[in-house]
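Trainee: I have just opened this entry and would like to get to know it. Could we walk through it together?

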Amino acid sequence: MDDDMDFDGFISDIDTIFYGRVSYDAWGNYQPDENAPSGEQEFWNTIHSKINLFFQRSIGKMKMQHSSIPIL
């Protein structure tokens, strides 16, 4: 990501992340390695502290450690 995007600032200003199945597979359960730099660990702690909403066409077996499925 480009530094001028201020992605950290963007993430700190939001309270909810909407995921589709593909983005959830990539980001939703990602955990950095325990030896990852503290900045990376802090980034992912911030991501996982948000309200996470997940959308897909059908409910299958998903590991969802940081998210919930709202009943609409």
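Mentor: Happily! Keep in mind that the model is a predicted one. Let us begin with helix α3 and its surroundings: the cover over the buried residues of α3 includes α1, β1 (16–20), α2 and β2.

Trainee: Which residues of helix α3 are buried?

Mentor: Helix α3 runs over residues 38–48. Buried means under 20% relative accessible area. In α3, the residues that count as buried are Phe43, Trp44, Ile47 and His48.

Trainee: How wide is the arc they cover around the axis?

Mentor: A general point helps here. An α-helix has 3.6 residues a turn, so residues three or four places apart point the same way. The buried residues of α3 sit on the same side of the helix, because the arc they cover around the axis is only 130°.

Trainee: And which exposed residues does the face turned away from the buried side of α3 carry?

Mentor: Exposed means over 50% relative accessible area. On α3, the face turned away from the buried side carries exposed residues, namely Ser38, Glu42 and Asn45.

Trainee: What pattern does the protein follow along the sequence?

Mentor: The secondary structure comes to 3 helices and 2 strands. Read along the sequence, their pattern is α-β-α-α-β.

Trainee: What share of the 72 residues counts as buried?

Mentor: Let us take the surface before the residues. The accessible surface of the protein comes to about 5,700 Å², and 52% of that belongs to carbon and sulfur atoms. Of the 72 residues, the share that counts as buried is 24%.

Trainee: How many aromatic pairs are there, and how is the pair of Phe7 and Phe10 classed?

Mentor: The count of aromatic pairs comes to 8. In the pair of Phe7 and Phe10, the rings are 6.1 Å centre to centre with 35° between the planes. Planes under 30 degrees apart would be stacked and over 60 edge-to-face, so the pair of Phe7 and Phe10 is tilted.

Trainee: Why are Phe7 and Phe10 separated by about one helical turn?

Mentor: Both residues belong to helix α1 (residues 7–13). Phe7 and Phe10 are separated by about one helical turn because their spacing in α1 is 3 residues.

Trainee: Is Phe10 buried or partly exposed?

Mentor: The cut-off for buried is under 20% relative accessible area, and exposed needs over 50%. Phe10 has 46% relative accessibility, so Phe10 counts as partly exposed.

Trainee: What kind of pair do the rings of Phe43 and Trp44 form?

Mentor: Both Phe43 and Trp44 are buried. Together with Phe7, Phe10, Trp27 and Tyr30, they form one aromatic cluster. The ring centres of Phe43 and Trp44 are 5.2 Å apart and their planes are at 85°, so the pair is edge-to-face.

Trainee: Which residue forms a salt bridge with Arg21?

Mentor: A search of the whole structure finds 1 salt bridge. Arg21 and its partner both lie in helix α2 (residues 21–28), 4 residues apart, about one turn of the helix. With the closest N and O atoms 3.0 Å apart, the salt bridge joins Arg21 to Asp25.

Trainee: How far apart in space are Phe54 and Arg21, C-alpha to C-alpha?

Mentor: Phe54 is found in strand β2 (residues 51–55), and it counts as buried because its relative accessibility is 7%. Arg21, at 43% relative accessibility, counts as partly exposed. The two are 33 residues apart in sequence, while their C-alpha separation in space is 7.1 Å.

Trainee: Is Asn52 buried or exposed?

Mentor: Asn52 also lies in strand β2. A polar atom of the Asn52 side chain lies 3.2 Å from the backbone oxygen of Lys50. With a relative accessible area of 4%, Asn52 is buried.

Trainee: Last one: leaving aside its neighbours within four places in sequence, which residues is Asp15 in contact with?

Mentor: Asp15 lies in the loop between α1 and β1, and at 54% relative accessibility it counts as exposed. Its side chain joins that of Thr16 in a polar contact of 3.0 Å. Leaving aside neighbours within four places in sequence, Asp15 is in contact with Lys50 and Ile51.

Methods
Residues numbered from 1 in each chain as written. Predicted model: local features only at pLDDT ≥ 70, side-chain atom pairs only at ≥ 80, totals over all residues. Heavy atoms only, no water. Buried < 20%, exposed > 50% of the residue type's maximum accessible area, 1.4 Å probe, protein only. Phe/Tyr/Trp six-rings, centres within 6.5 Å; stacked < 30°, edge-to-face > 60°. Areas by Shrake-Rupley, 256 points an atom, 1.4 Å probe, with all protein chains shown as cover. Salt bridge = Lys/Arg side-chain N within 4 Å of Asp/Glu carboxyl O. Polar contact = N/O pair within 3.5 Å; in protein donor to acceptor, adjacent residues only side chain to side chain. Arc of directions from axis to C-beta. Contact = heavy atoms within 4.5 Å.
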